[in-house]
Amino acid sequence: MSNYYGDKRLSDEMPIYVAAQHTDGGMGKDKPLHVHPEGQMYIPVQGVILVEAGGNRQVLPPGRLGWIPPHMPHAAAGHGHSLKPGLAGYTIHIAPSLCAGFPEHSAVLRKSALADSLLERMCQWPSGMPSDAAARRVMQVFLDEMRAAPIDPLHLTMPRHPRLLTMAATIAAHPADDTDLDAWARQLGWSRRSLTRHFRNETGMSVVEWRQIARLQKGMELLNGGASVTTVAISLGYDSVSSFIALFRRMLGTTPARFAA
């Protein structure tokens, strides 16, 4: 991602900066782990953006917005669609004074039609910043709309315990792996009950729920890359294509085919 305002820092005089991002090479340019004092939003329009922040792993398809609170270390990588090479979207940097009311942790937020319209207007600012009272009003309405946006369930909290982190990283990298809880408990040197209790305490989910989200995240990546729904379902370890479609629709509100289109 580009350097957004040189050596300047956002303030009450320069409260927000909107930048269009576009790459033409299929996979977007990775942004390694970094931190800045402002809040940040990642907004894909074409392709998907993967964000690691605050122990959470987020996959952002079009229609979603990734929120990063101020001072939170994060990394990002963009992936373009196989049929529409390139990654397109926006990043928004927000002065700390305007970040009140947003989640204190990283989160995936759903954008409304109103937020989309306001963002389109904000992207027309010549300097990327509001230059008059009318532009500031647009900015305030956009921020109010996003403060009220529902949080998407498609994020994964990585556990802190080293053994649990190893297990979670393995599941995230290979979501089709069907190693059961008893096998994982033996590998980690815990009882099944201890494993499930510690995992839920650290992630807020059961192992089964966590694996489901990991599979959906990987499924979005594969669909975005041009794989067929059947290929994705099989590669993720689903017993049937219909079970994959049903879970995808329940969690994302659309079918895998419509998402891919």
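**Long-range contacts, a helix pair and two buried residues**

Counting contacts in the chain with a separation of 6 or more, 75% come from residues 24 or more positions apart. The model behind these values is a predicted one. Nine helices and 10 strands make up its list of secondary-structure elements. The chain runs to 261 residues, and 50% of them count as buried. Its exposed area comes to about 12400 Å², with carbon and sulfur atoms supplying 54% of that figure.

Turning to the helices, H1 (residues 113–122) and H2 (residues 133–147) make a pair whose axes come within 9 Å and cross at roughly 145 degrees. The handedness of this crossing is left-handed. On the H1 side, the residues involved are Leu-114, Ala-115, Leu-118, Leu-119, Arg-121 and Met-122, and they meet Val-138, Val-141, Phe-142, Glu-145 and Met-146 of H2. Sorted by type, the residues of this contact come out as nine nonpolar and two charged, with no polar ones.

Helix H6 takes up residues 207–224, 18 residues in total. From first C-alpha to last, H6 reaches 26 Å, close to the 26 Å expected at 1.5 Å a residue. Of the 18 residues of H6, 13 are buried, so this helix is largely enclosed by the rest of the structure. Just after H6 comes Gly-226, with a positive phi of about 100 degrees.

Met-158 sits in the loop that links strand S10 (155–157) to helix H3 (162–173). Despite the loop setting, Met-158 counts as buried because its relative accessible area, 17%, falls under the 20% cut-off. Setting aside neighbours within four places in sequence, the contacts of Met-158 are Gly-55, Leu-165, Ala-168, Ala-169 and Trp-210. Among these, Leu-165, Ala-168 and Ala-169 fall within the residue range of H3, while Trp-210 falls within that of H6. Ala-172, 14 residues from Met-158 in sequence, has its C-alpha 9.7 Å from that of Met-158.

Val-48 offers a second buried position, this time in a strand: S4, residues 48–53. With a relative accessible area of 1%, Val-48 is under the 20% limit and therefore buried. Pro-62 lies 14 residues from Val-48 along the chain, and their C-alpha atoms are separated by 6.9 Å.

Notes
Residues are numbered from 1 along each chain as its sequence is written. This is a predicted model: local features need pLDDT of at least 70, side-chain atom pairs count only at pLDDT 80 or more; totals for chains, interfaces and linings use all residues. Side-chain values use heavy atoms; hydrogens and water are left out. Helices (H or I, at least four residues) and strands (E, at least two) are DSSP runs, numbered from the N terminus. The expected span of a helix is 1.5 Å times one less than its number of residues. Buried means under 20% relative accessible area, exposed over 50%, partly exposed in between (1.4 Å probe, protein chains only). Contact means heavy atoms within 4.5 Å. Accessible areas come from the Shrake-Rupley method with a 1.4 Å probe; for residues, only the protein chains shown count as cover. Axes are lines fitted to C-alpha atoms, for helices over the stretch in contact, and angles run from 0 to 180 degrees between N-to-C directions. A crossing is left-handed if the near helix is turned anticlockwise from the far one by less than a right angle, and right-handed if clockwise. Ala, Val, Leu, Ile, Met, Phe, Trp, Tyr, Cys and Pro count as nonpolar, Asp, Glu, Lys and Arg as charged, and the others, Gly among them, as polar.
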